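Please open the model in your viewer and keep the sequence panel beside it, since each stop on this tour asks you to select something and then look at what is there.

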Amino acid sequence: MHMVKCRFSLTAVLILASFAVPGRTPETPEGVDSLLRVVHDRDQAVREEVIRLSRQVPPQADSLLAACARMEETDAANQRIVAGLLDRNGWPEGISDESSETI
């Protein structure tokens, strides 16, 4: 569990650091796209892991349960990021179709 929290903290630092570049703040379409790309990638990576583990023969229940717990934590973290973005700015204008789908 501690490792998962560290992974989320590191991801949060990397997300915030990406906005340290001039012109790439969460308020710009490029900044929002960057942020949502990270959200999307994290979402898909954990889901792919759950799918991969669910197809193992013989099944590894402990690994699958741990991956499902990581998926729930990832979903909660991603939801906080997206909700914060929407609360601050409303639906962002000028973002890519992929970012709209991520939201």
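## A tour of the chain

Begin with the chain as a whole, which, read along the sequence, follows the pattern α-α-α-α. What you have on screen is a predicted model, and its secondary structure comes to 4 helices and 0 strands. If you switch on a surface display, the accessible surface of the chain amounts to about 6,800 Å², and 59% of that area belongs to carbon and sulfur atoms. Of the 103 residues in the chain, 30% are buried. When contacts are taken between residues at least 6 apart in sequence, 60% of them join residues that are at least 24 apart.

**Select residues 29–54 and 61–89.** These two stretches are helix 2 and helix 3, whose axes come within 9 Å of each other and cross at roughly 165 degrees. Because angles over 145 degrees count as roughly antiparallel, helix 2 is roughly antiparallel to helix 3. If you turn the view so that one helix lies in front of the other, you can follow helix 2 as it passes helix 3 in a left-handed crossing. Sorted by class, the contact between helix 2 and helix 3 has 15 nonpolar, 4 polar and 6 charged residues.

**Select Val57 and Pro58.** Moving on from the helix pair, look at the loop between helix 2 and helix 3, where Pro58 is found. Is the peptide bond from Val57 to Pro58 cis or trans? The bond is cis, with an omega angle near -5 degrees.

**Select Val39.** Going back into helix 2, you will find Val39, which counts as buried with a relative accessibility of 4%. Which residues does Val39 touch, if those up to four places away in sequence are not counted? The residues touched by Val39 are Asn78, Ile81, Val82 and Thr102, and it is worth showing their side chains together. Add Asp75 to the selection as well: Val39 and Asp75 are 36 residues apart in sequence, while their C-alpha atoms are 9.1 Å apart in space.

**Select His40.** The next residue to pick, His40, also has its place in helix 2, but His40 is partly exposed, with a relative accessible area of 34%. Draw a line from the C-alpha atom of His40 to that of Glu101, and you will span 9.1 Å between two residues that are 61 residues apart along the chain.

**Select Thr74.** Now cross over to helix 3, where Thr74 lies. Is Thr74 buried or exposed? With a relative accessible area of 7%, Thr74 is buried, because the cut-off for that class is under 20%. From Thr74, look across to Val46, which is 28 residues away in sequence and 7.6 Å away in space, taken from C-alpha to C-alpha.

**Select Glu30.** For the last stop, return to helix 2, where Glu30 lies. Glu30 is partly exposed, and its relative accessible area is 47%. How far apart are the C-alpha atoms of Glu30 and Ser96? They are separated by 8.8 Å, although the two residues stand 66 residues apart along the chain.

To finish, you may like to show Val39, His40 and Glu30 together, so that the buried Val39 can be viewed alongside the partly exposed His40 and the partly exposed Glu30.

Methods:
Residues numbered from 1 in each chain as written. Predicted model: local features only at pLDDT ≥ 70, side-chain atom pairs only at ≥ 80, totals over all residues. Heavy atoms only, no water. Axes fitted to C-alpha atoms, helices over the stretch in contact; angles between N-to-C directions. Parallel < 35°, antiparallel > 145°, perpendicular 65-115°, else oblique. Left-handed = near helix turned anticlockwise from the far one by under 90°. Nonpolar A, V, L, I, M, F, W, Y, C, P; charged D, E, K, R; others polar. Buried < 20%, exposed > 50% of the residue type's maximum accessible area, 1.4 Å probe, protein only. Contact = heavy atoms within 4.5 Å. Areas by Shrake-Rupley, 256 points an atom, 1.4 Å probe, with all protein chains shown as cover.
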